[in-house]
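Here is a short note to read beside the model. Keep the sequence and the 3D view open as you go through the points.

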Amino acid sequence: MTVSASAELPRMSQAGSEKKNITRLIVATSVGNALEWYDITVYGYFAAYISRAFFPNDDPTISILLTFGTFGLSYLIRPVGGVILGAYADRHGRKASLMISIVLMTIGTLVIAFMPAYGTIGILAPVAVLAARLVQGFSAGGEFGSSTAFLVEHAPDRRGFIASWQFASQGLSTLLASAFGVGLTSWMSPADMQSWGWRIPFLFGILVGPVGIYIRNHLEDATAPPAQKRDSPVREVFLRQKLRVILSIGALAISTAVNYLIIYMPTYAVKTLNLPPFVGFAATFSAGIVLTFLTPIAGMISDRVGRTTHMIGVNLLLVFSIYPAFVFLIRNPTPAVIVIAVFWLATLKSLYYGPLAALMSELFPAPIRATGLGLGYNIGVTLFGGMGPLIMASLGSIAFIGDLAPGYYLTLVGVVSLVTLITIRTTSAASHGA
């Protein structure tokens, strides 16, 4: 018995060490990714204040459209960031790319936090904010491909669970940004919020930046840079992986559309439902809790039942419940109803999000994974996410659509993702997609 127990000790020690390493990897990647998405989310959540600070206009609707137009315009550069930083990760290692992306995001946040308002420096203010958003867009474009490849390559037998933290950390960013929204709008007067209070969340992002940089600098890369030069990963993706890129875009569509609806919700609550800002932030805070804690559970389930089996079921629930949820919300625009509606959408989004990063990573071979993921992901979030708030705000001005614009938009996008998932399942495009 003594010999047997002694033999078990090294194995137990090794298992404990592996578990500790996986936990450290998840934390390091999640902290950086949460910061990336926190900075993006804060801009969307505080759009009403940012619009008056940098895009003043006699018509509040035009001011909001300019703000969300800048929000959406920054997404046009994300595919560029995805390709450049993704190819850099495939050639020089995941860690090298991750360091670049977090540094750039911190710089963009710094500019927005300290930029004087339009009333102080005139046209330079919105131009500088746009430039900062473009830097952030380029940075975030490279984040997903590199960090997802980094995670799945450290635990190939638990891809669903470990890759789910890619999106769970986005839930954490929602939680943090919403907490600032709830706290600041409760404790500060509207005048102080407009004058300087909205800058506080951005200042927090600047403080977190160096922490994320330090943690990532001490990571070990699972995939070493190639010893010999090989064909360009960008060339490989564009020549031979176009269908897989398209499938990754379609699979992502509904989840990113719901994500940016949640970002749009504080503005929707104020501008469309005429509710206090606190209500929208409270709703997104509840969404942040769900996204942070439910997403990894969904990823773990997908490791057992299969990615597409899980995701098709959740997608059907989304398609058939989104429009009725908004009809009910419009007819009953109370704080309780908006919180419940957002909580429901966040629950379905989390269940869908959990396996998504793993499914997308399994579409691409390792040598070009970061490039393929970066391109597909960023085209998807540009088309269906970054432009989402602007599209919904624009649709809302059409008479027969009106306040139900988010319901129409999300239902259509949900159908796109459903068709894509069925295609992936029937063609076995992903190695573990069944």
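Does lysine 349 count as buried or exposed?

1. **Lysine 349.** Lysine 349 counts as buried, because its relative accessibility is 1% and the cut-off for buried is under 20%. Look for this lysine in helix α15. Leaving aside residues up to four places away in sequence, lysine 349 touches Ser255, Val258, Asn259, Ile262 and Leu291. Keep in mind that this is a predicted model.

2. **The overall picture.** The protein has 18 helices and zero strands. Its chain holds 434 residues, and 58% of them count as buried. Take the contacts between residues at least 6 apart in sequence: 86% of these join residues at least 24 apart. The accessible surface is about 17,200 Å². Carbon and sulfur atoms account for 70% of that surface.

3. **The largest nonpolar core.** This core has 95 residues. Which members touch the most other members? They are Phe46, Phe54, Trp198, Phe326, Ile338 and Leu356. Helix α12, residues 242-271, supplies the largest share of the core, with 15 residues. There is also a second, separate core of nine residues. Among its members are Leu98, Leu151, Ala155 and Phe161.

4. **Phenylalanine 54 in detail.** What does phenylalanine 54 touch, not counting residues up to four places away in sequence? Its contacts include Ile112, Met115, Pro116, Ala117 and Tyr118. Ala125, Pro126 and Val129 are also among them. So are Trp198 and Arg199. Note that Trp198 is also one of the core members named for touching the most others.

5. **Threonine 256.** Threonine 256 sits in helix α12. With 1% relative accessibility, threonine 256 counts as buried. Apart from residues up to four places away in sequence, threonine 256 touches Gly380, Val381, Phe384 and Gly385. Threonine 256 and threonine 382 are 126 residues apart in sequence, yet their C-alpha atoms are 9.2 Å apart in space.

6. **Threonine 272.** Now move to the loop between α12 and α13, where threonine 272 lies. Threonine 272 is partly exposed, at 22% relative accessible area. Its partner to look for is isoleucine 330. The two are 58 residues apart in sequence, and their C-alpha atoms are 9.2 Å apart.

7. **Helix α13.** This helix covers residues 277-305, which is 29 residues. At 1.5 Å a residue, α13 should span 42 Å. The C-alpha atoms at its ends are 41 Å apart, so the two values agree. Where does α13 bend by about 35°? The bend is at leucine 294, and proline 296 follows within four residues. Just after the helix, glycine 306 takes a positive phi of about 105°.

8. **Helix α14.** Helix α14 has 25 residues. From first C-alpha to last, α14 reaches 36 Å, close to the expected 36 Å. A kink of about 35° lies at serine 321. Proline 324 comes shortly after serine 321.

9. **Salt bridges.** How many salt bridges does a search of the whole structure find? The search finds five. One joins arginine 94 and aspartate 90, with the closest N and O atoms 2.6 Å apart. Arginine 94 is buried, at 2% relative accessible area. Aspartate 90 is buried too, at 5%.

10. **Glutamate 362 and its partners.** Glutamate 362 forms a salt bridge with arginine 159, the closest N and O atoms being 3.8 Å apart. Glutamate 362 lies in the loop between α15 and α16, and arginine 159 lies in helix α8, so the pair ties together parts that are 203 residues apart in sequence. Glutamate 362 is buried, at 6% relative accessible area. Arginine 159 is buried, at 14%. Glutamate 362 also forms a salt bridge with arginine 307, where the closest N and O atoms are 2.8 Å apart. Arginine 307 is in helix α14, 55 residues from glutamate 362. Both glutamate 362 and arginine 307 are buried. Through shared partners, salt bridges join Arg159, Asp303, Arg307 and Glu362 into one network.

Key. Residues numbered from 1 in each chain as written. Predicted model: local features only at pLDDT ≥ 70, side-chain atom pairs only at ≥ 80, totals over all residues. Heavy atoms only, no water. Core = buried A, V, L, I, M, F, W, Y, C linked by side-chain atoms within 4.5 Å. Buried < 20%, exposed > 50% of the residue type's maximum accessible area, 1.4 Å probe, protein only. Helix = DSSP H or I, 4+ residues; strand = E, 2+ residues; numbered from the N terminus. Contact = heavy atoms within 4.5 Å. Expected span 1.5 Å × (residues − 1). Bend = angle between axes of the 7 residues up to and from the residue. Areas by Shrake-Rupley, 256 points an atom, 1.4 Å probe, with all protein chains shown as cover. Salt bridge = Lys/Arg side-chain N within 4 Å of Asp/Glu carboxyl O.
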